[in-house]
Amino acid sequence: MTPEAVLTDLGDTSALANVRLHWDLSMAEMPAGDPDFLRDEVWRSCSRYCGFGDALDGVLARVAEAARETPALRLLAWHAYWRVFLSPETCPPNGWPEPERHLGEDAGGLLLLVALGFVPLLRAKHREWGIPEEVTRETAQQVRCYCDDAYRRGHAGRPGVYPGPLAWLRHYTREKYVRLGRFEYWLGPNPHRIEVFRHRRSGRVMALAPDGTRFARDGSIYRDPGDYAPGEGWTATLQHTTDGVAGCPIDPRGAGTPGNVLLAARDWECVLKHGDPSLMMHIPSGGRMTPEACRESLLQAAGFFPRFFPQSPPRAVVCASWIFSPPLQDIFGGQANLSVFQKNLYLFPVPSGPWDGLWFVFLQNGPLDLERVPCETSLQRGIRDYLRQGHRWRCGGMFFLLDDLPRFGTEPYLKDWLPTP
Ligand SMILES: CC(C)(COP(=O)(O)OP(=O)(O)OC[C@H]1O[C@@H](n2cnc3c(N)ncnc32)[C@H](O)[C@@H]1OP(=O)(O)O)[C@@H](O)C(=O)NCCC(=O)NCCS
């Protein structure tokens, strides 16, 4: 069947251009019988592995049976699986139609079966690295988070998984990616270009902005250069000499500061730069992000990675996300779990559009109609009100140097912060 014929059978050809991508390659690799992830014994055991009880079994059994018997559904499911997990390049199944004509209210179940299909791939990868089974099992919980905390919220409680999060599961099957307690970590080169220095005697930490970064008036960075007003803000320079480094400091509350400082090499040591082994953090849904849970997870990570991947001991935990947007401290209040966590990290600005990351909150991509966005939770209401007041939204970045773990909980970067050397 061609992709046109498949989508015509499903009654919606609007995503044809995307579905067509790599169709022939994926069809060439399709197994002769049913793909494993559509077999009852496979999806059932994967579902248990991800922490689902038996409540989903009815929906999944109906969807799997329909997919085994309906060529268009079977091909679309395989193509989604291939695109997410097997395609040589990242190629997410964006904007694909849900097969409601065939599956009605169970339609979300098709991509959920695909998502569950990541379990054997994840287990194989983790076995190869000698990662303990209980860590693999904990990591696999993410499918349940995607279903219960996101898709169900947007679909009146029906199970499923959105294509965006589904596409993210690819990384779990290829990267050094695990969940340890409250957070997930991915060991790899630090993708951020800020440079971080520590004072050799006092231990004070200062981050400098990448050369050429243009800052807005408030020290944030716009993703789209067209968003800056003419002449607005300033552009950072970063210069290394034999004596040290001169650059534009970043306030650990998450903003660039105008003006340059000179950090003398005899006093300041570079402790984190682009490409250094780092743990990219991801935050699974689920709340209960208490300071104890955060600390416990960081401690676990600091012990786990050097043990299983001794060739590249990480120097820091880093992340860029809506979760590290500095205004959330006002929106949530200073004592909220997320605010306390932010205050224990070194926040830094990252290029951000005015709606970036808000999908995770409203399950809608921007621009958002603020009069119509869902406002069921205090977070949704807080962000909506913040935007209604005319503020511009932004995502944020953070790093935490693993050498500072003993000081986690004491706001180590804020406490020692001075904008001068
Ligand atoms: C936001 C978060 C970090 C806060 O954790 P926490 O401080 O322990 O607080 P809670 O979970 O109690 O959440 C506080 C409020 O925000 C709401 N909330 C939390 N996450 C939300 C989300 N993604 N969308 C909408 N509301 C959310 C909660 O429902 C709660 O609302 P209520 O006061 O009306 O009951 C956590 O809930 C979370 O992990 N969310 C999703 C993670 C995510 O998006 N990850 C992807 C990152 S790129």
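Strand 4 (residues 205–208) and strand 10 (residues 249–251) run antiparallel, with two bridges joining them. If you look along strand 4 in this predicted model, you will find A207 standing opposite I250 of strand 10. The two strands belong to an open sheet of five strands, in the order 11-10-4-3-13, whose pairing is antiparallel. At its edges are strand 11 (255–256) and strand 13 (268–272), each of which pairs on one side only. As background for what follows, strands of a sheet pair through backbone hydrogen bonds, either parallel or antiparallel.

Let us turn next to a loop residue. T237 sits between strand 7 (234–235) and strand 8 (238–240), in the loop that links them. It has 15 other C-beta atoms within 10 Å and is therefore partly exposed, since a buried residue would need 20 or more and an exposed one 12 or fewer. Beyond its neighbours within four places in sequence, T237 is in contact with D211, G247, C248 and N260. One of these, C248, is eleven residues from T237 along the chain, and the C-alpha atoms of the two are separated by 6.6 Å.

Another set of paired strands can be followed from strand 14 to strand 16. Strand 14 (residues 277–282) pairs with strand 15 in the parallel sense, over three bridges. L279 stands opposite V317 of strand 15 here. Together with helix 13 (residues 291–308), strands 14 and 15 make a right-handed β-α-β unit. Strand 15 (residues 316–321) is itself mostly covered, with five of its six residues buried.

Strand 15 also has an antiparallel partner, strand 18 (residues 396–401), to which six bridges join it. You can trace this pairing through A316, whose bridge partner in strand 18 is L401, and through S321, which stands opposite G396. Strand 18 is in turn joined by four bridges to strand 16 (residues 346–349), again running antiparallel. In that pairing, Y346 has F399 of strand 18 as its bridge partner.

How many of the six residues of strand 18 are buried? Six of the six are, so strand 18 is largely enclosed by the rest of the structure. The general pattern is that in a regular strand the side chains alternate between the two faces of the sheet. In strand 18, G396, M398 and F400 point one way, while G397, F399 and L401 point the other way, and all are buried.

A helix makes a useful contrast in how burial can be arranged. In helix 12 (residues 163–172), the buried residues are P163, P165, L166, L169 and Y172. Because they cover an arc of only 165 degrees around the axis, they lie on the same side of helix 12. The general background is that an α-helix has 3.6 residues a turn, so residues three or four places apart point the same way. What covers the buried residues of helix 12 includes helix 6 (71–86), helix 8 (109–116), helix 9 (118–128), helix 10 (133–139), helix 11 (142–154) and strand 1 (176–180).

Now for the ligand. Its surroundings comprise 17 residues, of which the closest are G287, N337, T377, S378 and L379. Helix 15 (337–343), helix 16 (359–362) and helix 17 (378–388) are the elements that give two or more residues to this shell. Which of them supplies the largest share? That is helix 17, with three residues. Sorted by class, the shell has eight nonpolar residues, eight polar residues and one charged residue.

The loop between helix 16 and helix 17 deserves a stop for its backbone geometry. P367 is found in this loop, and a cis peptide bond joins G366 to P367, with omega at about -5 degrees. L363 lies in the loop between helix 16 and helix 17 too. Its phi is near 55 degrees, a positive value in a residue other than glycine. L363 is partly exposed, with 16 other C-beta atoms within 10 Å.

We finish with E411, in the loop between strand 18 and helix 18 (412–415). E411 is not a glycine, and yet it has a positive phi of about 50 degrees. Is E411 buried or partly exposed? With 16 C-beta neighbours inside 10 Å, E411 counts as partly exposed.

Conventions. Residues numbered from 1 in each chain as written. Predicted model: local features only at pLDDT ≥ 70, side-chain atom pairs only at ≥ 80, totals over all residues. Pairing = 2+ DSSP bridges. Near = placed C-beta within 6 Å. Nonpolar A, V, L, I, M, F, W, Y, C, P; charged D, E, K, R; others polar. Contact = placed C-beta atoms within 7 Å. Right-handed = clockwise from strand over helix to strand, strands pointing away. Arc of directions from axis to C-beta.
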